[in-house]
Amino acid sequence: MSQLTTAERDALPDDAFALPGRRYPIPDKNHARDALARASEMLHQGRLSQEEHDTIVKRAKAVLGE
C-alpha cells in the first residue's frame, strides 16, 4: 500500500480524495489502485455504502485513465 506522510496528506487539495471528509486519497495511480482494492474490501465488510464504493471506483478509474 502506498503511504503518505501526514504533511503530504494535509498538503493535498480536497479534490485529490475520492470521498468527502478527505477519505481515500487518490493523488496518483498507485493510490488509485490501492483505493480500488480497499473500497472493494470495505464494501464487502459493510463499512462502505454501494454509493460510496461506486464514487471511489469512478474517481480512481479517472486517475488511472480508464
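In this predicted model, a convenient place to enter the structure is Ala 18, which, leaving aside residues up to four places away in sequence, touches Arg 23, Tyr 24, Ile 26, Thr 55, Ile 56 and Arg 59. The predictor's confidence in the protein chain can be stated at the outset: the mean pLDDT is 94, and 97% of the residues reach 70 or more. Among the elements of the chain, strand β2 has the lowest mean pLDDT, at 93, while helix α3 has the highest, at 97.

Ala 18 also belongs to the largest nonpolar core, a set of 12 residues in which it is joined by Leu 19, Tyr 24, Ile 26, Ala 32, Ala 35, Ala 39, Met 42, Leu 48, Ile 56, Ala 60 and Leu 64. The elements that contribute two or more residues to this core are β1, α2 and α3, and of the elements it is α2 that gives the most, with four residues.

Helix α3 can be followed in more detail. It runs over residues 50-64, which makes 15 residues, and it reaches 21 Å from its first C-alpha to its last, close to the 21 Å expected at 1.5 Å a residue. Within α3, the residues His 53, Ile 56, Ala 60 and Leu 64 are buried. Seen down the axis of α3, these buried residues fall within an arc of 65°, and they therefore line one face of the helix. The cover over the buried residues of α3 includes β1 (17-19), β2 (23-25) and α2 (29-44), whereas on the other side of the helix Glu 51, Lys 58 and Ala 62 are exposed.

Beyond the end of α3 comes Gly 65, whose phi is positive, near 75°. Glu 66 is found in the segment after α3, and this residue counts as exposed because its relative accessibility is 65%, which lies over the 50% cut-off. Between Glu 66 and Pro 25 there are 18 Å in space, C-alpha to C-alpha, and the two are 41 residues apart in sequence.

The charged side chains offer another way of reading the model. Side chains of opposite charge can pair when their charged atoms come close. In this model the count of salt bridges comes to two. In one of them Arg 22 pairs with Asp 14, with the closest N and O atoms 2.6 Å apart; Arg 22 is partly exposed, at a relative accessible area of 25%, and Asp 14 is exposed, at 57%. A salt bridge also joins the side chains of Arg 23 and Glu 52, at 3.4 Å from N to O. Because Arg 23 lies in strand β2 and Glu 52 in helix α3, this pair ties together parts that are 29 residues apart in sequence. Both residues count as partly exposed, Arg 23 at 33% relative accessibility and Glu 52 at 23%.

The backbone around β2 deserves a separate look. Most residues other than glycine have a negative phi. Arg 22, found in the loop between β1 and β2, nevertheless has a positive phi, near 55°. Tyr 24, which lies in strand β2, also has a positive phi, of about 60°, although it is not a glycine. Tyr 24 is buried, since its relative accessible area of 12% is under the 20% cut-off, and this residue is among the contacts of Ala 18 with which the description began.

Key
Residues are numbered from 1 along each chain as its sequence is written. This is a predicted model: local features need pLDDT of at least 70, side-chain atom pairs count only at pLDDT 80 or more; totals for chains, interfaces and linings use all residues. Side-chain values use heavy atoms; hydrogens and water are left out. The expected span of a helix is 1.5 Å times one less than its number of residues. Buried means under 20% relative accessible area, exposed over 50%, partly exposed in between (1.4 Å probe, protein chains only). The arc is that of the directions from the helix axis to the C-beta atoms. Contact means heavy atoms within 4.5 Å. A nonpolar core is a set of buried Ala, Val, Leu, Ile, Met, Phe, Trp, Tyr and Cys residues joined through side-chain atoms within 4.5 Å. pLDDT is the predictor's confidence in each residue, from 0 to 100. A salt bridge is a side-chain nitrogen of Lys or Arg within 4 Å of a carboxyl oxygen of Asp or Glu.
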